[in-house]
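This report introduces one protein structure to a reader who has not seen it before. It treats the pocket, the sheet and one residue in turn.

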Amino acid sequence: MLAMIVAVAANGVIGKDNQLIWRIPEDLKYFKERTMGHVIIMGRKTLESLPFLLPNREHWVITSQVDYVPPYEGVKVFHSPEEAVSVAKDLDLAYCIGGAQVYASMAPYADRLYVTELQETFTGDVTFTEHRKPEWIEMERIPGQGQDGLAYDFVTYERRK
């Protein structure tokens, strides 16, 4: 199964200048708990924005650069979303973790979305609106509030059959 996991502001913004805009410890914990022990699939820019490989997760990167050498050892390189999806189909679960281009290209293959919906708008240069499309059904919504008062919901969506 392929899932996508993302935190989204009320206006659809997910980042700016290849970085997260907010720092929500509860969301980072949620991300870690969900993805631990699974494959995480990302684009080149997302991989290169990581200060280190995330522990106990297999990292896959999708890039169109045919001669790409990842900055970390052990990262599997794929040159198309279809190539990554073909290999991932044999896994119990793999998570797409961004960025925007990879989310867009992997969305047709995703079965589930884990979306942290922030109740505030942010200014950014990258958006995610996949969860607002009619092919997704909300399965679970867990409200939360960050230490700084920022309200959010952890929402699980599944693709309509």
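In this predicted model, the largest pocket has a volume of about 1,400 Å³. Its lining comprises 44 residues, and Leu20, Thr46, Ser49, Leu50 and Ile97 are the closest to its centre. By character, the lining residues divide into 21 nonpolar, 15 polar and eight charged. Several helices and strands each supply at least two residues of this lining, as tabulated here.

| Element of the lining | Residues |
|---|---|
| β1 | 2-8 |
| β2 | 13-15 |
| α1 | 25-35 |
| α2 | 44-49 |
| β6 | 94-98 |
| α4 | 100-106 |

Strands β1 and β6 also belong to an open sheet of eight strands, whose order is β5-β4-β3-β6-β1-β7-β10-β9 with mixed pairing. At its edges are β5 (76-78) and β9 (136-145), each of which pairs on one side only. From one strand to the next, the twist averages 20 degrees.

Within the sheet, β3 (residues 39-43) runs parallel to β6 and is joined to it by four bridges. Ile40 stands opposite Tyr95 of β6. Helix α3 (residues 81-88) lies across β1, β4 (58-62), β5 and β6, and runs at about 150 degrees to β4.

Another strand of the sheet, β7 (residues 112-118), contains Arg112. The side chain of Arg112 makes a polar contact of 2.9 Å with the side chain of Glu158. Leaving aside residues up to four places away in sequence, Arg112 touches Met1, Leu2, Ala3, Met4, Trp136, Thr156, Tyr157 and Glu158.

How values were computed: Residues numbered from 1 in each chain as written. Predicted model: local features only at pLDDT ≥ 70, side-chain atom pairs only at ≥ 80, totals over all residues. Heavy atoms only, no water. Polar contact = N/O pair within 3.5 Å; in protein donor to acceptor, adjacent residues only side chain to side chain. Contact = heavy atoms within 4.5 Å. 1 Å grid on protein atoms, 1.4 Å probe; cavity = no way out; pocket = protein on both sides within 12 Å on 5 of 7 lines; lining within 4 Å. Points joined across faces, edges and corners; volume = space filled by probe spheres on them. Nonpolar A, V, L, I, M, F, W, Y, C, P; charged D, E, K, R; others polar. Pairing = 2+ DSSP bridges. Axes fitted to C-alpha atoms, helices over the stretch in contact; angles between N-to-C directions.
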